[in-house]
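User: I am new to this structure and would like to understand the terms applied to it. Please show me the structure, and then explain each term with its cut-offs.

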Amino acid sequence: QVQLVESGGGSVQAGGSLRLSCVASGYTQSRPYMAWFRQAPGKQREGVAAIRSEGAGGYTVITYADSVKGRFTISLDNAKSTLYLQLNSLKPEDTDMYFCAADPYVRRGGELTPVEYGHWGQGTQVTVSS
């Protein structure tokens with residue numbers, strides 16, 4: 001059974017940083033597609049960043065939402081089965097519940113689309129004050 005467990009959320013002032021972690025367990029297939037999403041109450045879930053490995057060489061493809069480019073960095077430690085999201089230069093509008101997601105396959109172009117992912121963590125809250 002696949003489990004995704006996020007941690008690292010918290011409260012920071014604008015301009016601050018946080019590092020989110022997501023430990024994945026139960027995956028029998030190596031290198032699933034993984035991503036971070038966020039959602040505020042009453043709003044749709046939004047894709048933040050996604051990471052995937054392709055080809056025999058396993059080169060990495062990373063996708064970011066325009067709203068976080070240059071501020072957030074997604075990375076994956078395969079040895080630890082852990083997905084990270086480094087959040088820098090945080091803004092009050094980044095306040096959301098952040099979710100980790102994974103799936104054995106995500107169609108090209110759907111990396112930031114919630115419906116493409118079948119496994120989700122419970123979320124970790126990020127609050128940014130002005």
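User: What makes C22 and C100 count as buried or exposed?

Analyst: C22 and C100 are both buried. The term buried means under 20% relative accessible area, whereas exposed means over 50% and partly exposed lies in between, with a 1.4 Å probe and protein chains only. This is a predicted model, in which local features need pLDDT of at least 70 and side-chain atom pairs count only at pLDDT 80 or more, while totals for chains, interfaces and linings use all residues. Residues are numbered from 1 along each chain as its sequence is written, and side-chain values use heavy atoms, with hydrogens and water left out.

User: Why is the pair C22 and C100 called a disulfide?

Analyst: A disulfide is a pair of cysteine sulfur atoms within 2.5 Å. The sulfur atoms of C22 and C100 are 2.1 Å apart, so the pair meets that limit. The structure holds 1 disulfide.

User: Why is the disulfide of C22 and C100 called left-handed or right-handed?

Analyst: The torsion about its S-S bond is about -70°, and therefore the disulfide is left-handed.

User: What does the disulfide tie together?

Analyst: C22 belongs to strand β3 (residues 18-25) and C100 to strand β9, so the disulfide ties together parts that lie 78 residues apart in sequence. Strands (E, at least two residues) are DSSP runs, as are helices (H or I, at least four), and they are numbered from the N terminus.

User: How do you know that R38 forms a salt bridge with E46?

Analyst: A salt bridge requires a side-chain nitrogen of Lys or Arg within 4 Å of a carboxyl oxygen of Asp or Glu. The closest N and O atoms of R38 and E46 are 2.9 Å apart, so the pair qualifies. Side chains of opposite charge can pair when their charged atoms come close.

User: Why are R38 and E46 described as buried, partly exposed or exposed?

Analyst: R38 has 5% relative accessibility and therefore counts as buried. E46 has a relative accessible area of 32%, so E46 is partly exposed.

User: Which parts of the chain does the salt bridge of R38 and D94 link?

Analyst: The side chains of R38 and D94 meet in a salt bridge at 2.9 Å, N to O. The pair links distant parts of the chain, 56 residues apart: R38 is in strand β4 (residues 33-39), and D94 is in the loop between β8 (82-87) and β9 (96-103). Both R38 and D94 are buried.

User: How many salt bridges does a search of the whole structure find?

Analyst: The search finds 7 salt bridges. One of them joins R52 and E111, whose closest N and O atoms are 2.2 Å apart.
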